[in-house]
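Hi everyone, thanks for coming. Let's put the structure on the screen and walk through it together.

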Amino acid sequence: MAEETNAPVASAPDPSVVATLGDGTKVKIRLLRQRACNEKDAKNNICAGHLKRWYFFGDEVKRKFGPDAEIYRCEHCKVLYLPNPEEEPRSGTLAW
Ligand SMILES: [Zn+2]
């Protein structure tokens with residue numbers, strides 16, 4: 001009777017995932033002061049790779065988040081992270 005027909009959401013239990021790129025790359029929002037990746041693999045192990053500022057994103061990321069987007073990437077599993085909106089940028093307008 002109460003069939004949900006408008007819920008094509010796949011199994012995505014991680015609420016911090018905000019987008020998935022065409023090539024399957026996940027885009028997540030960083031937790032406050034998060035510096036290591038919290039992706040889990042199939043065995044439920046935390047990735048814990050370093051999140052590094054990343055400038056080499058392609059057109060799809062530019063379209064979604066802007067050409068000057070602040071993007072971080074896990075150097076281990078390549079998941080992309082956006083800065084947490086509640087986190088104050090430490091360097092103001094000064095970019096590294
Ligand atoms: Zn990772």
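Let's begin with the zinc ion, whose donor residues are spaced in sequence as C-x9-C-x26-C-x2-C. Keep in mind as we go that this is a predicted model. Which residues coordinate the zinc ion? They are Cys37, Cys47, Cys74 and Cys77, each through its SG atom, at 2.3 Å. The angles among the four donor atoms are 105 to 116 degrees, and the site is tetrahedral. For background, the ideal angle for four tetrahedral donors is 109.5 degrees.

Now look at where two of these donors sit along the chain. Cys47 is in the loop between strand S2 (26–29) and S3, while Cys77 is in the loop between S4 and strand S5 (80–82). These two are 30 residues apart, so the pair links distant parts of the chain. Is Cys77 buried, exposed or partly exposed? Its relative accessibility is 30%, so Cys77 counts as partly exposed.

Let's step back to the whole fold. The protein chain has one helix and five strands, and from the N terminus on the order is β-β-β-α-β-β. The five strands form an open sheet with mixed pairing, in the order S1-S2-S5-S4-S3. At the edges are strand S1 (17–20) and strand S3 (51–53), each of which pairs on one side only. From one strand to the next, the twist averages 30 degrees.

You can zoom in on one of those pairings. S3 runs antiparallel to strand S4 (residues 72–74), and three bridges join them. If you find Lys52, its bridge partner in S4 is Arg73.

Next, the inside of the protein. In soluble globular proteins, nonpolar side chains tend to be buried together. Here, the largest nonpolar core has ten residues, including Leu21, Val27, Trp54, Phe57 and Ile71. Val27 is a nice one to click on: leaving out residues up to four places away in sequence, Val27 touches Ser16, Val17, Val18, Ala19, Leu21, Phe65, Leu80 and Leu82. Apart from the largest core lies another one of seven residues, among them Cys37, Leu51, Tyr72 and Tyr81. You have met Cys37 already, as one of the zinc donors.

Two last numbers for the whole chain. Of its 96 residues, 28% count as buried. And if you take the contacts with a separation of 6 or more, 43% of them are between residues 24 or more positions apart.

That's my tour, and I'm happy to go back to any part of it.

Conventions. Residues are numbered from 1 along each chain as its sequence is written. This is a predicted model: local features need pLDDT of at least 70, side-chain atom pairs count only at pLDDT 80 or more; totals for chains, interfaces and linings use all residues. Side-chain values use heavy atoms; hydrogens and water are left out. Two strands pair if DSSP finds at least two bridges between them. Helices (H or I, at least four residues) and strands (E, at least two) are DSSP runs, numbered from the N terminus. Axes are lines fitted to C-alpha atoms, for helices over the stretch in contact, and angles run from 0 to 180 degrees between N-to-C directions. A nonpolar core is a set of buried Ala, Val, Leu, Ile, Met, Phe, Trp, Tyr and Cys residues joined through side-chain atoms within 4.5 Å. Buried means under 20% relative accessible area, exposed over 50%, partly exposed in between (1.4 Å probe, protein chains only). Contact means heavy atoms within 4.5 Å. Donors are N, O and S atoms within 2.8 Å of the metal (3.2 Å for Na, K and Ca); water is not among the atoms, so sites may look incomplete. Four donors count as tetrahedral if all angles lie between 85 and 135 degrees; four count as square planar and six as octahedral if opposite donors are over 155 degrees apart and all others between 65 and 115; anything else is irregular.
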